[in-house]
Amino acid sequence: MLISRKLPLAAALLTIVSIGVSSVVSLQIGSSAVNEKIVEKLEAVVDGRRNQLETFLANLQQDLAATSQNNLMRIALEGFKYDWGFLGADATNELKRRYITENPFPEGERQKYDTAQKPDDAKISSYDQTHERYNAQLREMAESRGWEDFFLVDMNGNVIYSVNKYDDYASNLRSDALKNTGIGRVYEGIVGANIIDKTVFADYAAYPPIGNQPAAFMGHALNSQMGPVGVIIIRVPTGKIAEIMSNTSGLGETGETVLLNSEGYLISDSVRSPENDMLSVKVDSDLLQDAKGSAVITGTLDGYRNMQADVAMTGVKFDGAEWSVAALIDKSEAGASMVMMRNAILGISLLLLLGAIAVSTWFSRSMTKPIEALVENMRRLAEGDTTIELAGENRKDEIGEMVRSVAVFRNAAIEKVELEREADETRSQTEKRRHDREVAKAEEAAQMQQAVDELADGLRKLSDGDLTIRLDRPFMESLDRLRLDFNASVEKLNATLSDVSENILGINGDTGELRAAADDLSRRTEQQAASLEETSAALDEITATVKNSSQRADEATIKVAEAKQSTETSSKVVAEAISAMGRIEDASGEISKIINVIDEIAFQTNLLALNAGVEAARAGEAGKGFAVVAQEVRELAQRSATAAKDIKDLINKSGDEVKSGVTLVRETGDALGLIAEHVSAINDQINSIATAAREQAGGLTEINSAVNQMDQVTQQNAAMVEETTAVTHRLTSGAASLENLVSQFRLTGSHPASVPVRTAMPAPARQTAAPVPAARPKGPAGVSASTSGSRPVQSPARNMLKTVANAFGAGKSNNSTAASQDDWEEF
Amino acid sequence: MQESANNNVANNGYLEIISFHLGKQVFCVNIMSVREIRGWAPSTTLPHSPPHVLGVINLRGSVIPVIDMAIRLGLPAIKPTERSAIIVTNIAGKLVGLLVENVSDMITVNNADLQPAPDVLPAAERALTKAIIPVDEQMICYLDLDALFSTDEDMAA
């Protein structure tokens, strides 16, 4: 099967499978979700209704209990009971006649008849008056609370008042007609069972007085302080319950909520049916048995109103009645949305399938077409046709790759043909070049042989001392540098040897000069050594003196320190003296005080003695002796006063002396301080003198060592001068032998003729003939050389040695000479 | 009064006096008119009193006036010190304190030594001085206390 058929078929199959599976799954999920939703809604509704109902019933109970506490009820009951007694034995028929048969209002509006008393009636009934008084109030109360009827019953069971005046009005609740009805059961429940503190309830049942309509009753005892005095009973407001149950919002077109009694009969009229369903329609389901508790039960219900319905139920418990609330909705209504969803999914799947087949066909065509074209091209290339045109090289997919690979095969075939042609051309060229090279090699060998011959000849002449030889004929190109270098070397050697012979002349002249200078130097060095010895001796003396003065200065410092210590001790003594004088002053003050006391005592004694004297005088002759005693005492007192005065004067005087003593001591202290300051100043001065002396001693030691050094150096100089003289002699003989050596060479230029003349002169003669001007090409005069002997002069021998060193490399024998030259310069 | 004094002097033969200083001068009174000699103590000033009346002091329960003798005798006022003394005298049955600078001595003199005061003062002033007694180098002015007191009253009147 061709790929162009396979691809679209596979795409269609895949699409059908995927869409089919997803549709089925989504339908399943959707349907269960909708079902759950409906059930949840039913549960919520039924729970809400149950709560509403329970709240309503609880309110009803509270209202009734509150009403039973109302005093008005008790007063009204007592009034009616009292009046009932006046109506005689046949009160029931009398009241029924008055308020039912003769009631101008039709049944259902009888409550509007306030009294049976006719205005023109001569006989006045107290019951009618009481009825007139309370009827309007009680009617309004019942209407405002929604009660369907309201009864006042005495303890004998007589209904002594009812608002709506049905056949039960004025009847006895213990009669056969009523004792098995709801109201009868309520009455018996309260009075018979003596329940006085809560309400009693009777469930819905057919009630004959209102044409066997269902009715439920609730009652409560009326209590006084003595105990129960009557009962109030109401008919439960069925309309209000119906109102709660008839709310069908959120339950669609077939849904509703109904209230069921324990046997399954409806006790609220269904809004979905026109007739009254109370106690006539029955819901027959097993669910009912389970729906008695507060839990919500869900399930399905068949047969009610001829439909199959989803239902949720829960129980309502109220004062003995077991009711259930049920919310239900037709299954066909709940499933309608599911059918719509299924149809939509099927339509969309079909459209997707058609689209997928069309797209896959087009896609497979676009792939198979270029592959067929490529197969044709490859077949042609295999047959050797390289002119093929390739389409689709720019495609990014695998086909593009294939096309590009085929293009590579085609290009390789074209290149192969080209390469074979180029290889043939290269081979012929190489053959020609090899032949040319062999011819050139033979020529080169001939030229080289000629150059070697000539060079050998030149070198042989050079070894004979002939420096005039030159190689004039050029060699072959690669060896011509050898010839030029040989010529240059010979030239350089020639020039060097010429310089050497010239310099030897200069050396001969300078050697004489050198000898005279060395003599001069020797003499002056001796003088210097003598002077240095004298200096050294003088310095030793000075050093001794300075050391001595330094020692004296140190001693003086010690003395001054002692003096300072003494002054400090004196200052302390002075301070102690001052404080001692202060103590003397204090003691004087104390003595003065004591003396004042003595003075005071003397004064008082004097006064006493005077008084005694006066008394004695007044006593006349008898007091004579006493007067004498008094006189003695007075004299004693006066003497002690005088003595005290003297002591006081003395003390004052000694105080003054002490004060002046303190002043003097203080001045002494100040003077001592001043002395201490001066001593310190002297100490500083002596210290600086000692320091200066030490510094001088140090300086002198340095000078001494410097002089010693100078002495040593002078000794060395003297030795060196002798050495220099010896070296000068050796230099002269060296120059002569150098001349002999140079004369062995045959040089180009004019020098060779003069060289033998110089060498002929003997070395000692050269020393004495140093001042000869002809032998001194450099230097202005001999006098200047001797006066400036200590100055280093650039030696011509040194120049020559440098030149030789440059030409042949440094000679070891020259080192000593060069070293001595250096020492010369340093000095 | 002078006469009676003189008579008195003449009769007794000897006279006992107490001498005291006021400034440089020495005065004396008859010892029989002296009740007591006390050290100086501050006195309580009386309102509207003459300059020589210093005030009153408490002498063991009885209130007695104190007179500055210097002012009374026309001398510069005494500045009282601890050594000053008050001589309590009995003048005509009344106790009077005399502030003096210094009680110097108790002397027994011969009546013959009493010399009358010279006649150079007005009668009222001269009446204060009963006699002049020369003792050793000193001249002691013997004061008549009765005259002093009566003149005082006269002056006050």
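Leaving aside its neighbours within four places in sequence, which residues is Asn704(A) in contact with? The legends below take up this question and then turn to other parts of the model, which is a predicted one.

**View 1. Asn704(A) and Ser536(A), a contact between helix H11 and helix H10 of chain A.** Asn704(A) has its place in helix H11, which covers residues 624-742 of chain A, and, once neighbours within four places in sequence are set aside, Asn704(A) is in contact with Ser536(A), Leu539(A) and Asp540(A). Ser536(A) belongs to helix H10, residues 480-618 of chain A, and, with residues up to four places away not counted, Ser536(A) touches Asn704(A), Val707(A) and Asn708(A). Asn704(A) counts as buried because its relative accessibility is 15%, under the limit of 20%. Ser536(A) is buried as well, with a relative accessible area of 17%.

**View 2. Helix H5 of chain A and the strands that cover its buried residues.** Helix H5 of chain A runs over residues 182-192, and because 8 of its 11 residues are buried, the helix is largely enclosed by the rest of the structure. The buried residues of H5(A) are Gly182(A), Ile183(A), Gly184(A), Val186(A), Tyr187(A), Gly189(A), Ile190(A) and Val191(A). What covers these residues includes four elements of chain A, namely strand E1 (149-154), strand E3 (200-207), strand E4 (213-224) and strand E5 (227-235). H5(A) is followed by Asn194(A), a residue with a positive phi, near 55°. For the setting of this view, chain A has 16 helices and 9 strands, and 34% of its 827 residues count as buried.

**View 3. A salt bridge within helix H9 of chain A, between Asp457(A) and Arg460(A).** Side chains of opposite charge can pair when their charged atoms come close. Here the side chains of Asp457(A) and Arg460(A) meet in a salt bridge, with 2.7 Å from N to O. The two residues are 3 residues apart in helix H9 (residues 398-463), and therefore Asp457(A) and Arg460(A) are separated by about one helical turn. An α-helix has 3.6 residues a turn, so residues three or four places apart point the same way. Asp457(A) is partly exposed, with a relative accessible area of 32%, and Arg460(A) also counts as partly exposed, at 48% relative accessibility.

**View 4. A salt bridge within helix H10 of chain A, between Lys593(A) and Glu590(A).** The side chains of Lys593(A) and Glu590(A) meet at 3.9 Å, N to O, in a salt bridge. Both residues lie in helix H10 of chain A, where they are 3 residues apart, about one turn of the helix. Lys593(A) counts as exposed, at 54% relative accessibility, whereas Glu590(A), with a relative accessible area of 46%, is partly exposed.

**View 5. A salt bridge in chain B, between Glu36(B) and Arg60(B).** The closest N and O atoms of Glu36(B) and Arg60(B) are 2.4 Å apart in this salt bridge. The pair links distant parts of the chain, 24 residues apart, since Glu36(B) is in strand E3 of chain B and Arg60(B) is in the loop between strand E4 (53-59) and strand E5 (62-68) of chain B. Glu36(B) is buried, with a relative accessible area of 13%, whereas Arg60(B) is exposed, with a relative accessible area of 67%.

**View 6. The contact between chain B and chain A.** This contact takes 18 residues from chain B and 15 residues from chain A, and the area buried between the two chains is about 1400 Å², of which carbon and sulfur atoms give 54%. In chain B, Ile37(B), Arg83(B) and Met106(B) lose the most area to chain A, together 42% of what that side buries. Between chain B and chain A there are 3 salt bridges, and one of the pairs is Glu600(A) with Arg83(B), whose side chains meet at 3.3 Å, N to O. The count between these chains is also 8 residue pairs in polar contact. On the side of chain B that touches chain A, the elements that give two or more residues are strand E1 (14-22), strand E3 (34-39) and strand E8 (102-110) of chain B. The largest share of that side, 6 residues, comes from E3(B), and the residues of the side divide into 8 nonpolar, 3 polar and 7 charged.

Methods:
Residues numbered from 1 in each chain as written. Chains lettered and ligands numbered in written order. Predicted model: local features only at pLDDT ≥ 70, side-chain atom pairs only at ≥ 80, totals over all residues. Heavy atoms only, no water. Contact = heavy atoms within 4.5 Å. Buried area = accessible area lost by both parts, 1.4 Å probe. Salt bridge = Lys/Arg side-chain N within 4 Å of Asp/Glu carboxyl O. Polar contact = N/O pair within 3.5 Å; in protein donor to acceptor, adjacent residues only side chain to side chain. Nonpolar A, V, L, I, M, F, W, Y, C, P; charged D, E, K, R; others polar. Buried < 20%, exposed > 50% of the residue type's maximum accessible area, 1.4 Å probe, protein only.
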